[in-house]
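Visitor: I would like to learn how to read a protein structure, one feature at a time. Could we start once it is on the screen?

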Amino acid sequence: MSRVYNFSAGPAVLPEAVLQEAADEMLDYQGTGMSVMEMSHRSESFQQILDTAEADLRELMNIPENYKVLFLQGGASLQFAMIPMNLMKNRTADFILTGQWSKKAWKEAGKYGKANVIASSEDRTFSYIPDCSDLPVSKDADYVYICENNTIYGTKFKELPNTKGKTLVADVSSCFLSEPVDVSKYGIIFAGAQKNMAPAGLTVAIVREDLADHELPCTPLMMNYKTMIDKDSMYNTPPCWCIYMLGLTLDWVEEQGGVAGMEKLRDLRSSMLYDTLDNSKLFKCHAEKGSRSGMNVTFRTGNEELDAKFVSEATAAGFVNLKGHRKVGGMRASIYNAMPVEGVEKLCDFIKEFDKNNG
Ligand SMILES: *Cc1c(COP(=O)(O)O)cnc(C)c1O
């Protein structure tokens, strides 16, 4: 067996211990004689898997009582429609555009009501987070929407926007469980699992209870938060295998010191990488200082041929999936929770060597 250092933006690296445990339990889950994949979602064993995953997530994130944890399908992208359908009572919402994902959410919301852009960083290719301390928040806005960590551009909100009392909704797909957060500052937090939690196919949404049950009349049953709240995410068959894998990952996060432990590792990995890039002759980071993500690091040489050479030599050396998103070009190293510190150390050595040989 030979495992590479996988810098993919998603689906992404999972902790090796989690994969090993899943492998060990693959054919016979704890004496049931079957795989979790083969198990009825109404069985006692699966109910326990789901309940434990929820309880562990609640404990890790310190989720208040009045928030529901939902295990959904359709990816983070389905939330782009589900959120306006459930929250747009006044048919108005405000958006802060910091990249492709918030733009997609904004376009989708526009189908259900007035979707206002109250700030944007598109003028400089989404390389920064705008000042959100005093924005023209709409008086009748049902919510203010952000994408907290911008996977494609490599930026992150270091401070939450001042929503002037309006409900904050945040896409945290690529920074979930990477630092302690105060859940009570949000109305809804949601994340696709494939970046920092589990295999693709599961979306976790943490929804303040009072926000449900006000959906637009056109809302499909399956897209109504109330449906899923009333049935504890089991109105229909949930993504059982992904929920099981999430449970294993949550145990792993707990063993590493919880979200505070994840934050420490994040800062260690990302400062090492940014320092190496900032001190190089060849490489420039896309994200401006002060807005840089600790999960997705975007950089380039400014010469497309040299970028391609870097990616191909890195791949040959066992550092894979470093090609940047087509919107930004250059390179992107996604260094999620499960990326070993050693992987980043070795990548830094590789960058220094490449810089010396090509600078
Ligand atoms: C990957 C990603 C998405 C899209 O997730 P899907 O699960 O593929 O719909 C949305 N938002 C952010 C921030 C992402 O990183």
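Visitor: Which side chain has an N or O atom 2.6 Å from a nitrogen atom of the ligand?

Guide: Asp-171 does. Keep in mind that this is a predicted model. To read a polar contact, look for a pair of N or O atoms within 3.5 Å. The pair between Asp-171 and the ligand nitrogen, at 2.6 Å, is one case. Two others involve oxygen atoms of the ligand: a polar side-chain atom of Thr-151 lies 2.4 Å from one, and a side-chain N or O atom of Lys-195 is 2.5 Å from an oxygen atom.

Visitor: How much of the ligand's surface does the protein bury?

Guide: Begin with the ligand taken alone, which exposes 380 Å². The protein buries 86% of that area.

Visitor: How many residues surround the ligand, and of what kinds are they?

Guide: The shell has 13 residues, with Ser-77, Thr-151, Asp-171, Gln-194 and Lys-195 the closest. Sorted by kind, the shell holds four nonpolar, seven polar and two charged residues.

Visitor: Which element gives the largest share of that shell?

Guide: Helix α3, residues 75-87, supplies four residues, the largest share.

Visitor: Now the sheets. What is the order of the strands in the sheet of seven?

Guide: Reading a sheet starts with listing its strands in the order in which they sit side by side. Here the order is β2-β10-β9-β8-β5-β3-β4, in an open sheet with mixed pairing. β2 (67-72) and β4 (114-120) are the edge strands; each has a single partner, so one side of each has no neighbour in the sheet. From one strand to the next, the twist averages 20 degrees.

Visitor: How many bridges join β9 to β10, and in which sense do the two run?

Guide: Five bridges join β9 (residues 188-192) to β10 (residues 203-208), and the two strands run antiparallel. For one bridge in detail, take Gly-192, whose partner in β10 is Thr-203.

Visitor: Which helices lie on this sheet?

Guide: Helix α2 (residues 44-61) lies across β2 and β10, at about 130 degrees to β2. Helix α4 (residues 100-109) also packs on the sheet, where it touches β3, β4, β5 and β8; its direction makes about 160 degrees with that of β3.

Visitor: What is the strand order in the sheet of three strands?

Guide: That open sheet has the order β11-β12-β14, with antiparallel pairing. The edges are β11 (284-285) and β14 (331-334); each has a single partner strand, so one side of each is left without a neighbour in the sheet. β11 pairs with β12 (residues 296-300) over two bridges, and Cys-285 has Phe-299 in β12 as its bridge partner. Helix α7 (residues 258-278) packs on this sheet and touches β11, β12 and β14, its direction making about 10 degrees with that of β12.

Visitor: Last, the backbone. Is the peptide bond from Gly-10 to Pro-11 cis or trans?

Guide: Read the omega angle, which is near -15 degrees here; the bond is cis. Pro-11 sits in the loop between β1 (5-6) and α1 (16-24).

Visitor: What is the phi angle of Arg-91?

Guide: Phi is positive, about 55 degrees, although Arg-91 is not a glycine. Arg-91 belongs to the loop between α3 and β3 (92-97).

Definitions and conventions: Residues are numbered from 1 along each chain as its sequence is written. This is a predicted model: local features need pLDDT of at least 70, side-chain atom pairs count only at pLDDT 80 or more; totals for chains, interfaces and linings use all residues. Side-chain values use heavy atoms; hydrogens and water are left out. A residue is near a molecule or strand if one of its heavy atoms lies within 4 Å of it. A polar contact is a pair of N or O atoms within 3.5 Å; within protein, one must be able to donate a hydrogen and the other to accept it, and residues adjacent in sequence count only if both atoms are side-chain atoms. Accessible areas come from the Shrake-Rupley method with a 1.4 Å probe; for residues, only the protein chains shown count as cover. Ala, Val, Leu, Ile, Met, Phe, Trp, Tyr, Cys and Pro count as nonpolar, Asp, Glu, Lys and Arg as charged, and the others, Gly among them, as polar. Two strands pair if DSSP finds at least two bridges between them. Contact means heavy atoms within 4.5 Å. Axes are lines fitted to C-alpha atoms, for helices over the stretch in contact, and angles run from 0 to 180 degrees between N-to-C directions.
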